[in-house]
Amino acid sequence: MAQPTTEPEAPAAPEESVLRRGGAATAILRAFVVRREASIVLVAIALVIYFQSVNSNFLSAGNLPVIAQFVAAAAIIAAGEVMLMIGGEIDLSVGQVFALSPFIMFFAMEDYGLPFAFAVVAALLVSAFIGLVNGTITCLLGVPSFITTLGTLFLINGLTLTISDGFPRAVPDVSVANIFGAANYSEFIWAVVIILAVHTVLRLTPWGLHTVAGGGNPLGAREAGVRVNYVKIGNFMLCSVLAGLTGILEAFQIDSIDPLAGGTGIMFQAISAAVIGGTALAGGSGTVIGALVGALVLGILRNGFTLQGVDAFTFDLILGIAILVAMILNVYLSRMRRQGKV
Amino acid sequence: MAAPNGNGDRLVAEGIAKRFGAVVALRNVNLRLGRNEVLGLIGDNGAGKSTLIKILTGFQPPDTGRILIDGQEVQLKSVKHARSLGIDTVFQDLALINELSVYHNMFLNREVVKKPLPFLANRIMKRRAREYLDDIGVQIGDVNDEVARLSGGQRQAIAVARSVHSDASILLLDEPLAAMGAKEGAMILDLVRRLRDERDISIIMIAHNYVHVLEVCDRVNLLRGGEIIFDKPTAETSVEELTNVVVRDLRAARQGS
């Protein structure tokens, strides 16, 4: 992809770029450079081939649900983070919303006698409210979202521990448990549907356009009349709701509501997935599909190395390198795109 | 050209004053813009040009004074409101989004959407952007291109085209030729002329370069210390006179302080 320009003269027109002049092979190569998602898909495929070749159990009916579950949780939350990161913001409190939300559902049913559906709605409304608070403090009071959500991270964690007394609860016995994450792949199906929905919002609606505009050039977007803060606050709410929903799905999956579930672990996985997938923290660009693939890569790496007997310490080492490589590549490729070389 | 009396004026600003704390940005601005007129607004840094533009475009309200459009007094509540009255500004930073395509930039915040689900009607926007740019003579290779790839002149042209396309009839251009080569600058001046002659658009153009002002404007105003201290048709003035006024004024200011 990094073919150097050997011609001394400048390209006659932007279309006359280095890679476009080549044949089919360079056309494919170009697709992988231009489409952010493509290069990471390649990595994911290579990883699958590698792990399957060293351990035939990797793609077995027993192992696949394990990968799917891990990928699903990270991917759903990452979808929300991508929308925020494109707008130049971040939410560190998602892991705590993830833990709080199923407790809201639990107490709404237990203490207030609400039916399951209403309890879920209540949990998601509380999640949305947390997003509203994050967004309002960030956008209207001017506190950087990193700090705002660091604050709410601790606050919500304290809240969850207080209302639960630090004890886990059993998930409610409802007939739709399988739909809400209990069944194998149920969470993964949720993830795919949500990823597609958020991707559609980002790429095909004015909301998505305004999200990119607000992150790419906030002042310019404002001058064009885009309600940048309104869109950002909306994305904070979306991100929180997705975290809350994932918390509920995960509770049904593991059959327990744990006040220590999620936390910074799931938050970092989600942000890693977004970053590996090709979303930059600086704002203005990002991909939701990429976040799903990023989550897949993380899941494959984790599961594959676990099957091989690689311990958690080594895994973090590899994850760190993966994120760095992904980011360096990302920065390099976007610079190439900007200069019109591809 | 500009009507000699105030009756045919598209835009009139009377007694506009604005202060920020102890700083007086605008003391008493009286300005008029005739129908199909290009008014050049010149002035040193800190003369109050940016503040005036912001007030005329609804970004901030004046402390005192009034604004009339076609003889009707208006209170510009917001940029959106000003735009609904036909006033639009192409700011220096262009308000273009590098990460978006030419056509998405042109339709930013006035997207064409499908029904019943409000998805972007990209094909329609693309076609209209293409037609419109061709129509006003702006040459862009591909409307799908990210704006980041375009030259300064192309970016400026797109920003101007976007304003006009959204039914602006009073256009404020904030230094449209800043940091631009001669060829590109000529393209923009040509565009300004065409908009006046073919599109019934009245334009206030802020500029530093007197030659550009004399080349394209019908009338020139000089803003100094928050007031307009010079107002002449360009046919009756010259680069020498403009320079003299500015220098004399600077000297007076230095002696006064």
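Student: Let's start with Leu307(A): how many other C-beta atoms are within 10 Å of it?
Tutor: Leu307(A) has 16 other C-beta atoms within 10 Å, so it counts as partly exposed. The cut-offs are 20 or more for buried, 12 or fewer for exposed, and partly exposed in between, with C-beta atoms placed from the backbone.

Student: Before I go on, what kind of model is this?
Tutor: It is a predicted model, where local features need pLDDT of at least 70 and side-chain atom pairs pLDDT 80 or more, while totals for chains, interfaces and linings use all residues. Residues are numbered from 1 along each chain as its sequence is written, and chains are lettered from A and ligands numbered from 1 in the order in which they are written.

Student: Thanks! So where does Leu307(A) lie?
Tutor: Leu307(A) is in helix H13 of chain A. Helices (H or I, at least four residues) and strands (E, at least two) are DSSP runs, numbered from the N terminus.

Student: And which residues does Leu307(A) touch?
Tutor: Leaving out residues up to four places away in sequence, Leu307(A) touches Asn55(A), Asn57(A) and Phe58(A). Contact here needs the C-beta atoms of two residues, placed from the backbone, to lie within 7 Å. Ala282(A), on the other hand, is 25 residues from Leu307(A) in sequence and 36 Å away, C-alpha to C-alpha.

Student: Which helix does H13(A) pack with, and at what angle?
Tutor: H13(A), residues 288–307, packs with H8(A), residues 186–204, at about 150°, and their axes are 8 Å apart. Axes are lines fitted to C-alpha atoms, for helices over the stretch in contact, with angles from 0 to 180 degrees between N-to-C directions. The two helices are therefore roughly antiparallel. Under 35 degrees is roughly parallel, over 145 roughly antiparallel, 65 to 115 roughly perpendicular, and the rest oblique.

Student: Which residues make that contact between H8(A) and H13(A)?
Tutor: H8(A) brings Ala191(A), Ile195(A), Val198(A), His199(A) and Leu202(A), and H13(A) brings Val288(A), Ile289(A) and Leu292(A). Seven of the contact residues are nonpolar, one is polar and none is charged. Nonpolar means Ala, Val, Leu, Ile, Met, Phe, Trp, Tyr, Cys and Pro, charged means Asp, Glu, Lys and Arg, and the others, Gly among them, are polar.

Student: How many helices and strands does chain A have?
Tutor: Chain A has 14 helices and zero strands. Of its 342 residues, 49% count as buried. Take contacts in chain A between residues at least 6 apart in sequence: 76% of them join residues at least 24 apart.

Student: What about H12(A), how many of its residues are buried?
Tutor: 10 of the 14 residues of H12(A) are buried, so the helix is largely enclosed by the rest of the structure. Among them are Ile266(A), Met267(A), Gln269(A) and Val275(A). Just after H12(A), Gly278(A) takes a positive phi of about 115°.

Student: Now a loop one: where does Val174(A) lie?
Tutor: Val174(A) is in the loop between H6(A), 145–164, and H7(A), 178–182. It has 17 C-beta neighbours inside 10 Å, so it counts as partly exposed. The C-alpha atoms of Val174(A) and Phe154(A) are 31 Å apart, although 20 residues separate the two along the chain.

Student: Switching topic: how many residues of chain A are in contact with chain B?
Tutor: 22 residues of chain A are in contact with 24 residues of chain B. On the chain A side, H9(A), 206–216, and H10(A), 218–223, each supply at least two residues. H9(A) gives the most, with five. That side divides into 11 nonpolar, eight polar and three charged residues.

Student: Which residues are buried in H6(B)?
Tutor: The buried residues of H6(B) are Gly185(B), Met187(B), Ile188(B), Leu191(B), Val192(B), Leu195(B) and Arg196(B). Their cover includes strand S3 (38–42), helix H5 (152–165), strand S8 (202–206) and helix H7 (210–216) of chain B. Asp200(B), just after H6(B), takes a positive phi of about 60°.

Student: Last one: what pLDDT does chain B average?
Tutor: Chain B averages a pLDDT (the predictor's confidence in each residue, from 0 to 100) of 85, and 95% of its residues score at least 70. Among the elements of chain B, S4(B), residues 64–69, has the highest mean at 93, and H8(B), residues 239–256, the lowest at 77. The pLDDT is below 50 over residues 1–6 of chain B, a stretch with 13 contacts in the model beyond near neighbours in sequence. The model scores ipTM 0.79 and pTM 0.82.
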